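Visitor: Hi! Could you walk me through this one while I have it open on my screen?
Guide: Happy to. Let's put it up and start with a side chain.

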Amino acid sequence: MPALFIGHGSPMNTLEENGFTNSWKRIGAAIGKPRGILVVSAHWFIGATAVTAMPRPRTIHDFYGFPRALSEFEYPAPGMPELAAEVVDLARPDWVGLDHDQWGLDHGTWSVLAHLFPDADVPVVQLSINSSKPMAYHLELGARLDALRSRGVLVLSSGNVVHNLRRIDWRAGDTGEPWVRRFDDAATELMAHRPADVATLADHPDFAAAAPTPDHFAPLLYTAGIAAAAQTGAEALVRGFSLGSVSMTCFGVSCGALGCRLGHDAAMLPVDVPPDQTNT
């Protein structure tokens with residue numbers, strides 16, 4: 001199976017058809033149905049490494065101020081405890097805890113899977129991002145997870161290469177600010193040709209603005225680690241921006257001849273809630 005990084009943007013993309021969500025549908029149709037899906041979501045960012053191990057993960061509505069239809073959305077995919085056990089085994093000697101009853105599927109996961117696999121008929125497991133670990137840890141763990149792909153498992157990372165909600169521009173539409181485009185271009189170049197070096201983006205002059213918090217950038221490290229382990233690049237599948245300061249760029253490892261499309265008309269955020277308080 002391939003590995004994917006999806007720039008997920010606003011959770012309203014769950015309910016909308018636009019240039020980005022249509023591209024996600026195209027990707028899902030092209031890669032076929034996996035045995036299971038392991039998701040690294042920006043929205044499970046905690047002080048430990050854990051993996052969901054319940055047979056029926058709940059749909060978590062981890063955001064504020066959005067329409068009722070989004071808060072009522074359900075993605076009833078089954079869990080896969082045996083996949084969780086495989087993750088624990090591959091991560092050794094690092095410890096990964098089995099979460100039997102605390103988390104579930106957050107919107108970083110289901111807002112994307114609603115388009116990749118709309119029937120919710122593929123088992124899904126989530127892996128937390130350990131907030132206490134350096135970039136090298138996430139790259140190395142990603143490299144170990146590459147083995148899952150030969151077992152029919154899709155490894156999906158969900159975040160944003162650039163994610164700065166304090167600097168959004170409501171009038172920007174599909175245009176990224178110059179600093180956003182610079183950083184996104186640098187990330188795209190590294191992912192394609194030197195994925196093992198993606199952590200050097202921390203030295204980029206725009207890094208502090210692109211990733212004011214590490215949660216949305218960290219999922220990219222897992223896709224980069226897989227690409228490095230596979231000794232191949234991660235090609236851009238979708239390029240584009242939202243609200244001036246969010247990159248919607250997506251990458252794929254072993255995605256064949258899918259090519260890259262330009263996304264457009266990404267879903268917006270609520271206008272009556274401060275963007276940095278919506279948990280997007």
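Guide: The side chain of S128 has a polar atom 2.8 Å from the backbone oxygen of A48. Keep in mind that this is a predicted model.

Visitor: What does the side chain of S128 reach at A50?
Guide: The backbone nitrogen of A50, at 2.8 Å.

Visitor: Where does S128 sit, and is S128 buried or exposed?
Guide: S128 belongs to strand β7, which covers residues 124-130. S128 counts as buried because its relative accessibility is 0%, and buried means under 20%.

Visitor: Which residues is S128 in contact with, leaving aside its neighbours within four places in sequence?
Guide: Those are W44, I46, A48, T49, A50 and Y222. So A48 and A50 turn up in the contact list, and the polar atoms of S128 pair with the backbone oxygen of A48 and the backbone nitrogen of A50.Visitor: Changing topic: where does D62 lie?
Guide: D62 is in the loop between β4 (58-59) and α2 (68-71).

Visitor: How far away is the nearest side chain of opposite charge to D62?
Guide: That side chain is R58, and it is 9.0 Å away. D62 is buried yet has no salt bridge.

Visitor: What does the side chain of D62 make a polar contact with?
Guide: With the side chain of H107, at 2.8 Å. H107 is also in the contact list of D62, along with H43, D106, T278 and N279, once neighbours within four places in sequence are left aside.

Visitor: How many salt bridges does a search of the whole structure find?
Guide: The search finds 12. In one of them, the side chains of R35 and E86 meet at 2.4 Å, N to O. R35 lies in the loop between α1 (19-31) and β2 (36-46) and E86 in helix α3 (residues 81-91), so this pair ties together parts that are 51 residues apart in sequence.

Visitor: Are R35 and E86 buried or exposed?
Guide: R35 is partly exposed, with a relative accessible area of 34%. E86 is buried, at 15%.

Visitor: Which residues are linked with R35 and E86 in a network of salt bridges?
Guide: R151 joins R35 and E86 in that network.

Visitor: Got another pair? What about D206 and R182?
Guide: Their side chains meet in a salt bridge at 2.9 Å, N to O. This pair links distant parts of the chain, 24 residues apart: D206 is in the loop between α6 (178-193) and α7 (207-210), and R182 is in helix α6. D206 is buried, with a relative accessible area of 10%, while R182 is partly exposed, at 46%.

Visitor: And what does D169 form with R171?
Guide: A salt bridge, with the closest N and O atoms 3.4 Å apart. R171 is exposed, with a relative accessible area of 77%.

Visitor: Last topic, the nonpolar parts. How many residues has the largest nonpolar core?
Guide: It has 51 residues, and those with the most contacts inside it are L38, V51, L127 and L148. Helix α8 (residues 218-229) gives the largest share of this core, 7 residues.

Visitor: What lies apart from it?
Guide: Another core, of 40 residues. Among them are L4, I6, Y75 and L116.

How values were computed: Residues numbered from 1 in each chain as written. Predicted model: local features only at pLDDT ≥ 70, side-chain atom pairs only at ≥ 80, totals over all residues. Heavy atoms only, no water. Helix = DSSP H or I, 4+ residues; strand = E, 2+ residues; numbered from the N terminus. Buried < 20%, exposed > 50% of the residue type's maximum accessible area, 1.4 Å probe, protein only. Polar contact = N/O pair within 3.5 Å; in protein donor to acceptor, adjacent residues only side chain to side chain. Contact = heavy atoms within 4.5 Å. Lys, Arg positive; Asp, Glu negative; His and termini not counted. Salt bridge = Lys/Arg side-chain N within 4 Å of Asp/Glu carboxyl O. Core = buried A, V, L, I, M, F, W, Y, C linked by side-chain atoms within 4.5 Å.
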